[in-house]
Amino acid sequence: MSKAMDDFRLKLGGREYVPIIVGGMGVDISTAELALEAARLGGIGHISDAMVPTVSDRRFNTKFVQEKQKKYKYNIGNTDKSAVKFDLERLAEAQRLFVSRTMESKKGDGAIFINCMEKLTMNSPRDTLQARLLAAMDSGIEGITLSAGLHLGSMELMKDHPRFHDVLIGIIVSSARALRPFLKRAAKYKRLPDYITVEGPLAGGHLGFGADDWQEYDLKTIVNDVLVFLKENELNIPVVPAGGVFTGTDAVEFLESGSSAVQVYGYS
Ligand SMILES: Cc1cc2nc3c(=O)[nH]c(=O)nc-3n(C[C@H](O)[C@H](O)[C@H](O)COP(=O)(O)O)c2cc1C
C-alpha cells in the first residue's frame, strides 16, 4: 500500500512532529493564528519578524511606527536616509511582544518557529538582526529559521544567549553551494543548524532565482544535491524541501527519498 504523510515523523531536538512546516511569510502574511493552528495539529508553523514594529502596532495597538515617524519627521524630504536609525531597544520590545503573545497562545504538540529575514533594514543590519534574534529567544520561540540574505555570522550573533544550544536553528538555502561557507562558520561555534530548508524556484518570497528559472532548476535536483553534500560530509541534518510541494503525493515522494519534512505556503 502506498504511504501517506502520517506514516512519517520529523525528528528535531529530541521531539517528533507531523512532517509539515508552514513557511514564514513576511509582515504577518503567515499569521500567528496560522502558525498556532499548524502547531496545534502537531506540525510546525512560522511567524515572521519582517516589519515586526508594524505588526505589533496592528495587533497590540503599540505606536512604534508613529513614534519613529515623529522622530524623523524633519528628514522626510531628504533622500539621504543615513540619519534614520532603528532604536534597537524598541525593536527588541516589538519582537518580544509579538513572540511572547504568540507563544502564550500555543496549544498542541507542534512547534512555533520564527522566520528571521536577515537583510532587512537600511541601517545597522547586523545590530538589528541581533536584536531580533535575541529578543525572539528571550520570549520562548522554539525555533529560528534564518532566511533571505543568509548572514554567515548569525551563529556568532546568538552565541552568548543562554538558549543558544536549546533553541532550534535552521537555515534556508537554494543550492548546495550556499551551504559550505555557512557550515564552515557555524562549526567555529560548535553549532551546526538543526535543519536545512531548501527553497526551489517555485517558492514565493525573496529567492535567489529569476522569474524564468523554474525551467532550468528544479527542487528535486537541488534537494538531492544537498542530501549528497551532507552525506559526503557525514552530516546528519534534516532537509526540508519548499516550493511547489502541492499534494500529499509530492510530499511523500520527498520523504521517501531522504527529506525529513516539507515546507508549504498557507494562509488564514
Ligand atoms: C507571499 C509569500 C511571501 C513569502 N515570504 C517569505 C519570507 O518572508 N521569508 C521566507 O523565508 N520565505 C517566504 N516565503 C516562502 C514560503 O515560506 C514557503 O517556503 C514557500 O511559499 C513554499 O512554497 P509553495 O508556495 O510552493 O508552497 C513566502 C512565500 C509567499 C508565497
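Two strands count as paired if DSSP finds at least two bridges between them. That matters for the middle of this tour, which goes through a predicted model.

**Whole chain.** Begin with everything shown as a cartoon. The protein has nine helices and 10 strands. Its radius of gyration is 19 Å, close to the 18 Å that the globule rule gives for 268 residues, so the protein is as compact as a globular protein of that length. Turn the C-alpha trace along its principal axes and the spans are about 65 × 40 × 35 Å. Of the 268 residues, 41% are buried. Among contacts with a separation of 6 or more, 71% are between residues 24 or more positions apart.

**Strand β5.** Select residues 111-117. Seven of the seven residues of this strand are buried, so β5 is largely enclosed by the rest of the structure. Show the side chains: Ala111, Phe113, Asn115 and Met117 point one way, while Ile112, Ile114 and Cys116 point the other way. In a regular strand the side chains alternate between the two faces of the sheet.

**Neighbours of β5.** Add residues 44-48, which form strand β4. β4 and β5 run parallel and are joined by five bridges. Look for isoleucine 44, which stands opposite alanine 111 of β5. Then add strand β6, residues 143-147, which is also joined to β5 by five bridges and runs parallel to it. Here asparagine 115 has threonine 145 of β6 as its bridge partner.

**The core.** Which residues touch the most other members of the largest nonpolar core? Select Ile141, Ile144, Val198 and Val240; the core has 70 residues, and these four have that role. Helix α5, residues 125-138, supplies the largest share of this core, with seven residues. Now centre on valine 198. Leaving aside neighbours within four places in sequence, valine 198 is in contact with Val173, Ile222, Val223, Val226, Val239, Val240, Pro241 and Ala242.

**Helix α9.** Finish with residues 248-256. Ala251, Phe254 and Leu255 are buried in this helix. They cover an arc of only 100° around the axis, which puts them on the same side of α9. An α-helix has 3.6 residues a turn, so residues three or four places apart point the same way. Rotate to the other side of α9 to find Thr249 and Glu256, which are exposed. To see what the buried residues of α9 pack against, show α8 (219-232), β9 (239-242) and β10 (262-264). The last stop is glycine 258, just after α9, with a positive phi of about 110°.

Notes
Residues numbered from 1 in each chain as written. Predicted model: local features only at pLDDT ≥ 70, side-chain atom pairs only at ≥ 80, totals over all residues. Helix = DSSP H or I, 4+ residues; strand = E, 2+ residues; numbered from the N terminus. Rg over C-alpha atoms; globule rule 2.2 N^0.38 Å. Buried ≥ 20, exposed ≤ 12 C-beta atoms within 10 Å, placed from the backbone. Contact = placed C-beta atoms within 7 Å. Core = buried A, V, L, I, M, F, W, Y, C linked by C-beta atoms within 7 Å. Arc of directions from axis to C-beta.
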